[in-house]
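This report introduces the charged side chains of one protein model to a reader who has not met it before. The sequence and structure are shown first, and the account of charge pairs follows.

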Amino acid sequence: MSLQTRFMISVTFLLIILVGSILFVIEKREVKAIFEESKDRGILIAKYIAYLNLDPLVWWDVGAIEKNIEEQIDQKLIFIIFYDRYNSPLAANDFIKDYEDIYCCSSLSGEISEDSYFFESKDIVNKNKNQIMRILEIEVPIFTGTRGLPQKWGSLKIGLSLDDMHKEIQKTRFVLILIGCGGLLLGIVGAALLARRITGPLKKLVDGTVKISKGDFAHKISISSQDEIGNLARSFNRMSSELLQIRERIEEANKRLIQAEKLASIGRISATIAHEIRNPLTSVKLNIQKVLQSVKLDDIEEEHLKISQEGIGEIERFITEFLGFTRVSDLNLDKFYVEQILEESIKMMSDALSQKKIHIEKKFQKNLPLVIVDGDKLRQVFLNILRNSFEAVNEEGKISISLSHVGKEEEGKMRAVISDNGSGIPDKDWENIFEPFYTTKSSGTGLGLAIARKIVEQHEGSIRVIKKEGKGASFEILIPFRR
């Protein structure tokens, strides 16, 4: 049985008990009030009839009393009996004379006061119609003054029909039942809404835990309430965010570990290969240089030898980059202005940029603080990215370089962004461009950006490709301040 079903059953059961108890108490009080009202009305009627027949009673004018009785009898007033001062029947309507237990005797015998009265509800059988009649029997004393002293002169007993009173009671009960059913229905609807309000977020929490158990740490629960469930949802969202961050850090650490293992393996192999290649390559290079010094060479032979010499130079540069990438070297840290390092990097590329008529747009924030970095290695990072931009743009293209300070002065970072309007980088290559030996160029080695990332990460910074409006690519470099 679900929590919502159990909640509904429990609340419904409690509502039935509560509403039933309230209606029971109200019904008892209403019935008592209606009965008291009927009794008080009956006493007033009896006293009024006694007052009307006071003179005939004093003069023992039985005929006048019986005439008045016949005039007063109706459907609500069943019978009227006058008793004398000796508690014997004096006059009554014909109907009640057949009921000897009521007619025979007065209920007000002995010493009584003017305010005394007697009442009793009872059922009698109407012998003419053979049906039960519910009546309220009321008897009041009749006093008259003799020489200034009140004296009991007789009594009056009447029988009021309780049919109207019972109809009123039934009507009251019916209204109370309707009110109770309406209240119970509203309570059940309210309980259903409350149960849904409680169990709905709980179901979201359960679904969230299932998704997190399947590895979907990015799942968030949209609960905006300020109660305990809202606090639980916010705690759950914080937990999932922390788990997501932990997983990302673990994945990043695994990538770095795999990368380090690759570099370690490559480093061991590269040292051997570089040694085995460089020795014979040096001999070839020296022999080519010696042959080029000969005067017997014709132009074609000299051109072929120079092409070979350039190829050997490319091999040497690749070996140098390869060894530089695989070796783990310490940083030579010192205080530098990053804008100065950028300016030096641009100056080193100035000849190539001028030949291609590439426009450099610089946006450097003023009064940037000093940073503690390895100036040569950071210059290599900027040069590698600038070379990529240089190769990507066409003639008369544009390269934009911005430099700014983000975060607090002591705990912030230096942000450098290098953008171009060249051919750009396909989205499918974004995750791979920083991998070693991954390149989209026919003449590239795929080590430039890998070396740049390695140097930036040595500085505890980050490098990434960011979205850029229009054509081209945009690289963001963040270098944290060091104390």
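In this predicted model, arginine 415 forms a salt bridge with glutamate 476, and their closest N and O atoms are 2.6 Å apart. Arginine 415 belongs to strand β10 (residues 413-420) and glutamate 476 to strand β12 (residues 474-480), so the salt bridge ties together parts that are 61 residues apart in sequence. The partners may also be described by their accessibility. Arginine 415 has a relative accessible area of 24% and is therefore partly exposed, since that class begins where the buried class, under 20%, ends. Glutamate 476, at 6% relative accessibility, counts as buried.

**Salt bridges around glutamate 137**

In total, the structure holds 13 salt bridges. One of them joins lysine 122 and glutamate 137, with the closest N and O atoms 3.1 Å apart. This pair links distant parts of the chain: lysine 122 is in strand β3 (residues 118-126), glutamate 137 is in strand β4 (residues 131-146), and the two are 15 residues apart. Is glutamate 137 buried or exposed? Glutamate 137 is buried, with a relative accessible area of 2%, whereas lysine 122 is partly exposed, with a value of 22%.

Glutamate 137 also meets the side chain of lysine 157 in a salt bridge, at 3.5 Å from N to O. Because glutamate 137 lies in strand β4 and lysine 157 in strand β5 (residues 149-161), this pair ties together parts that are 20 residues apart in sequence. Both glutamate 137 and lysine 157 are buried. Salt bridges that share partners join Glu120, Lys122, Glu137 and Lys157 into one network.

The three salt bridges described above are listed here.

| Salt bridge | N to O distance | Separation in sequence |
|---|---|---|
| Arginine 415 and glutamate 476 | 2.6 Å | 61 residues |
| Lysine 122 and glutamate 137 | 3.1 Å | 15 residues |
| Glutamate 137 and lysine 157 | 3.5 Å | 20 residues |

As a general matter, side chains of opposite charge can pair when their charged atoms come close.

**Arginine 134**

Strand β4 also contains arginine 134. At 36% relative accessibility, arginine 134 counts as partly exposed. Which residues does arginine 134 touch, not counting those up to four places away in sequence? The contacts are Lys122, Asp123, Leu160, Ser161, Leu162, Asp163 and His166. Lys122, one of these contacts, is also a member of the salt-bridge network. Arginine 134 and arginine 415 are 281 residues apart in sequence, and their C-alpha atoms are 100 Å apart in space.

**Helix α1 and the negative patch**

The remaining description concerns acidic residues. Glu30, Glu37, Asp40 and Glu168 form a negative surface patch. Helix α1 (residues 3-52) gives the most to this patch, contributing three residues. Aspartate 40 lies in helix α1, and with a relative accessible area of 41% it is partly exposed. That value is consistent with its place in the patch, because patches are made of residues with over 30% relative accessible area and no salt bridge.

Glutamate 27 lies in helix α1 as well. Is glutamate 27 buried or exposed? Its relative accessibility is 14%, so glutamate 27 counts as buried. Leaving aside residues up to four places away in sequence, glutamate 27 touches Arg173 and Leu176. Helix α1 thus holds both the buried glutamate 27 and the partly exposed aspartate 40.

Notes: Residues numbered from 1 in each chain as written. Predicted model: local features only at pLDDT ≥ 70, side-chain atom pairs only at ≥ 80, totals over all residues. Heavy atoms only, no water. Patch = residues over 30% accessible without salt bridge, like charges linked within 9 Å, V, L, I, M, F, W, Y side chains within 5 Å. Areas by Shrake-Rupley, 256 points an atom, 1.4 Å probe, with all protein chains shown as cover. Salt bridge = Lys/Arg side-chain N within 4 Å of Asp/Glu carboxyl O. Lys, Arg positive; Asp, Glu negative; His and termini not counted. Charge placed at Lys NZ, Arg CZ, Asp CG, Glu CD. Helix = DSSP H or I, 4+ residues; strand = E, 2+ residues; numbered from the N terminus. Buried < 20%, exposed > 50% of the residue type's maximum accessible area, 1.4 Å probe, protein only. Contact = heavy atoms within 4.5 Å.
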